[in-house]
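Here is a walk through one protein model, written to be read with the viewer open. Turn the structure as you go, and let each paragraph guide where you look.

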Amino acid sequence: QSVWHYQSGDIIYFNENAGKAKTISELMGCEGRAKETYYQAFNLILNEAFYLEKREKRPPSNPINALISFGNSLIYTTILSEIYKTQLNPTISYLHEPRERRFSLCLDLAEIFKPLIVDAVIFRLINNNMIKIDDFEKSLGGCYLNENGRKKFIESFDAKLETTIKHRKLKRKVSYRTILRLECYKLIKHLLNDETYFPFKAWW
């Protein structure tokens, strides 16, 4: 518990300093350190077999990094699918630097939903013993989910997307997948000067 309070304090510290940043590099430094602290908190939730020493993704170095990378790729693809159902251009972003042939808007929106969807799926799979070490394989100098592991993750990920919650503004139940599309519509309203955009924030 004391470790958790320490890490929570770190994130608050980085958040406060982000507001004082005068350059893009200073702001990115705060974001990077906060993200590192966030991932270290995984070790308070997961069992020792999935210990996360540090986030490594090119290539993922161990099972927990493999899960994070695979889950993130799924959320990027899902968000892109929802963006295509709107008038937004997925290559024009507001947080990540736009680059040629990169769907940077997907990266922007994924930052909001990775903790709510991807990380929640990872915690459920591991802590309920639904995924095990033998669901991974070493390949190309990294660690990746094998076919059986990918199947388990995708099934759990899809189930999470179809899970419904009571939307405070709409006053009805909506799925997580619908919430992704609603986030796109919020951006459109902001661009049309109809409504100031505020990123989705869990209220439960």
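Strand E3 (residues 164-167) and strand E4 (residues 172-175) pair in the antiparallel sense, with 4 bridges between them. To find the register, look for Thr 164, whose bridge partner in E4 is Ser 175. Keep in mind that this is a predicted model, so the values here are computed from predicted coordinates.

The two strands E3 and E4 make a hairpin with 4 residues between them. Within that turn sits Lys 171, in the loop between E3 and E4. Its backbone deserves a look: phi of Lys 171 is near 60 degrees, a positive value in a residue other than glycine. Why point that out? Because most residues other than glycine have a negative phi. Is Lys 171 buried or exposed? Lys 171 has 62% relative accessibility, so it counts as exposed.

A second hairpin can be found earlier in the chain. Strand E1 (residues 136-139) and strand E2 (residues 142-145) also pair in the antiparallel sense, over 4 bridges. Here Lys 138 stands opposite Cys 143 in E2. The hairpin of E1 and E2 has 2 residues between its strands, and Leu 140 in the turn has a positive phi of about 55 degrees. While you have both hairpins in view, recall that in a regular strand the side chains alternate between the two faces of the sheet.

Now zoom out. The protein chain holds 6 helices and 4 strands, and from the N terminus on its elements run α-α-α-α-β-β-α-β-β-α. Of the 204 residues in the protein chain, 39% are buried. As for contacts between residues at least 6 apart in sequence, 53% join residues at least 24 apart.

Next, let's turn to a pair of helices. How do H3 and H6 cross? The axes of helix H3 (residues 63-83) and helix H6 (residues 176-191) come within 9 Å and cross at roughly 55 degrees. That angle makes H3 oblique to H6. The crossing of H3 past H6 is right-handed. On the H3 side, Ile 75, Thr 78, Ile 79, Glu 82 and Ile 83 take part, and they meet Arg 177, Leu 180, Arg 181 and Cys 184 in H6. By character, the residues of this contact divide into 5 nonpolar, 1 polar and 3 charged.

Stay with H3 a moment longer and find Asn 65, which lies in this helix. With 0% relative accessibility, Asn 65 counts as buried, since the cut-off for buried is under 20%. Leaving aside neighbours within four places in sequence, Asn 65 is in contact with Leu 52, Lys 54, Arg 55, Glu 56 and Pro 60. Asn 65 and Tyr 51 are 14 residues apart in sequence, and their C-alpha atoms are 9.5 Å apart in space. In the loop between helix H2 (24-40) and H3 you will also find Pro 59. The peptide bond from Arg 58 to Pro 59 is cis, with omega near 0 degrees. For context, most peptide bonds are trans.

Helix H4 (residues 104-127) offers two more buried side chains to inspect. Leu 105 lies in H4 and is buried, with a relative accessible area of 3%. Apart from neighbours within four places in sequence, Leu 105 is in contact with several residues, among them Ile 83, Leu 88, Pro 90, Tyr 94 and Leu 187. Leu 105 and Leu 88 are 17 residues apart along the chain, with 8.9 Å between their C-alpha atoms.

Farther along H4 is Phe 113, which is buried, with a relative accessible area of 1%. Which residues does Phe 113 contact, leaving aside neighbours within four places in sequence? They are Val 118, Ile 179, Leu 180, Glu 183 and Phe 200. Leu 180 also appeared among the H6 residues that meet H3. The C-alpha atoms of Phe 113 and Asn 72 are 9.7 Å apart, with 41 residues separating the two in sequence.

Finish in the segment after H6, where Asn 193 has its place. Asn 193 has a positive phi of about 65 degrees although it is not a glycine. At 71% relative accessibility, Asn 193 counts as exposed.

Notes:
Residues numbered from 1 in each chain as written. Predicted model: local features only at pLDDT ≥ 70, side-chain atom pairs only at ≥ 80, totals over all residues. Heavy atoms only, no water. Axes fitted to C-alpha atoms, helices over the stretch in contact; angles between N-to-C directions. Parallel < 35°, antiparallel > 145°, perpendicular 65-115°, else oblique. Left-handed = near helix turned anticlockwise from the far one by under 90°. Contact = heavy atoms within 4.5 Å. Nonpolar A, V, L, I, M, F, W, Y, C, P; charged D, E, K, R; others polar. Pairing = 2+ DSSP bridges. Buried < 20%, exposed > 50% of the residue type's maximum accessible area, 1.4 Å probe, protein only.
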